[in-house]
Amino acid sequence: MIETLRRMGRGVGDIAAIVTTWDYPALFATMIRTVIEEAPGSLKLLSMPVAPAIDRRRMDQMRRTPRILARQFGLSAPVPLICMPHHDNHAWFSFAASPFADDSDPVAIAVIDGTGDQGSISLYVVQHGAMHPLYCNDSVFDSIGAFYSVISSTQGGWTWLSSEAATWGLLPGAT
């Protein structure tokens with residue numbers, strides 16, 4: 001990263017903030033809400049040492065990340081983190097990399113994921129450069145991504161979060 005900044009004529013002191021790929025506070029709240037809503041069967045999730053989407057160690061690391069980055073980059077103060085909603089990241093990248101990014105017509109975007117910060121399915125519309133959320137299923141259990149994780153790990157022998165997309169791609173008509 002430092003070399004990339006140098007090539008751009010910048011230095012580490014020019015970093016104003018670091019953007020994350022998850023909104024960790026929202027994700028933590030969703031996980032707690034889910035455990036409460038699905039109790040008592042979900043209470044065993046609290047004792048799992050590592051969950052596929054989030055664990056206590058990762059949450060603590062996010063709390064310490066600004067200080068860690070400041071130390072690694074030799075900065076005098078911690079760098080603020082901007083926690084971006086996970087599905088917003090997917091939606092913005094998909095839109096920006098699509099052939100529709102320059103259209104003036106509204107563009108619909110569907111994010112169908114294993115999980116996000118608040119749910120596993122989110123729908124958006126982009127018009128005139130502004131993205132607006134239309135829908136979120138507010139569920140980490142109603143997830144086609146989690147379904148394919150189970151299929152690929154139990155039937156294919158792969159680990160979670162390693163081959164769901166490949167399994168999904170085996171569907172007729174999947175793109």
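A salt bridge is taken here as a side-chain nitrogen of Lys or Arg within 4 Å of a carboxyl oxygen of Asp or Glu. Side chains of opposite charge can pair when their charged atoms come close. The structure under discussion is a predicted model, and a search of the whole of it finds 2 salt bridges.

One of these pairs joins Arg6 to Glu3, with the closest N and O atoms 3.4 Å apart. Both residues belong to helix α1, which covers residues 2–7, and they stand 3 residues apart, about one turn of the helix. Arg6 counts as exposed because its relative accessibility is 56%, a value over the 50% limit. Glu3, at 42% relative accessibility, is instead partly exposed.

The other pair links the side chains of Glu37 and Arg33, at 3.3 Å from N to O. Glu37 and Arg33 both lie in helix α2, 4 residues apart, which is again about one turn of the helix. Arg33 has a relative accessible area of 28% and is therefore partly exposed.

Helix α2 itself runs over residues 24–37 and holds 14 residues; at 1.5 Å a residue it should span 20 Å, and its end C-alpha atoms are indeed 20 Å apart, so the expected and computed values agree. The buried residues of this helix are Tyr24, Ala26, Leu27, Thr30, Thr34 and Val35.

Ahead of α2 in the numbering is strand β1, residues 18–20, in which Thr20 is found. Thr20 is buried because its relative accessible area, 8%, falls under the 20% limit. Along the chain, Thr20 and Leu81 are 61 residues apart, yet their C-alpha atoms are separated by 6.8 Å.

Attention now turns to the interior. The largest nonpolar core consists of 8 residues, namely Ala91, Phe95, Val107, Ile109, Val111, Tyr124, Val126 and Met131. Two or more residues of this core come from each of α4, β3 and β4, and β3 gives the most, with 3 residues.

Strand β3, residues 107–112, also contains Ala108. Ala108 does not share the burial of the core residues: its relative accessible area is 70%, so it is exposed. The C-alpha atoms of Ala108 and Leu5, which are 103 residues apart along the chain, lie 34 Å from each other.

The second largest pocket contains about 190 Å³ of space. It is lined by 14 residues, and those closest to its centre are Pro85, Asp88, Gln118, Ser122 and Tyr124. Tyr124 thus appears both in this lining and in the largest nonpolar core.

Three elements, α4 (86–97), β4 (121–127) and β5 (130–136), each supply at least two residues of the lining of the second largest pocket. Of the contributors, β5 gives the most, with 3 residues. Sorted by class, the lining comprises 6 nonpolar, 5 polar and 3 charged residues. Helix α4 and strand β4 therefore take part in two features, for each gives at least two residues to the lining of this pocket and two or more to the largest nonpolar core.

Key:
Residues are numbered from 1 along each chain as its sequence is written. This is a predicted model: local features need pLDDT of at least 70, side-chain atom pairs count only at pLDDT 80 or more; totals for chains, interfaces and linings use all residues. Side-chain values use heavy atoms; hydrogens and water are left out. On a 1 Å grid over the protein atoms alone, a cavity is a set of points where a 1.4 Å probe fits but cannot get out, and a pocket is an open set with protein on both sides within 12 Å along at least five of seven lines; lining residues have an atom within 4 Å of a point. Grid points are joined across faces, edges and corners, and a volume is the space filled by probe spheres set on the points. Ala, Val, Leu, Ile, Met, Phe, Trp, Tyr, Cys and Pro count as nonpolar, Asp, Glu, Lys and Arg as charged, and the others, Gly among them, as polar. The expected span of a helix is 1.5 Å times one less than its number of residues. Buried means under 20% relative accessible area, exposed over 50%, partly exposed in between (1.4 Å probe, protein chains only). A nonpolar core is a set of buried Ala, Val, Leu, Ile, Met, Phe, Trp, Tyr and Cys residues joined through side-chain atoms within 4.5 Å.
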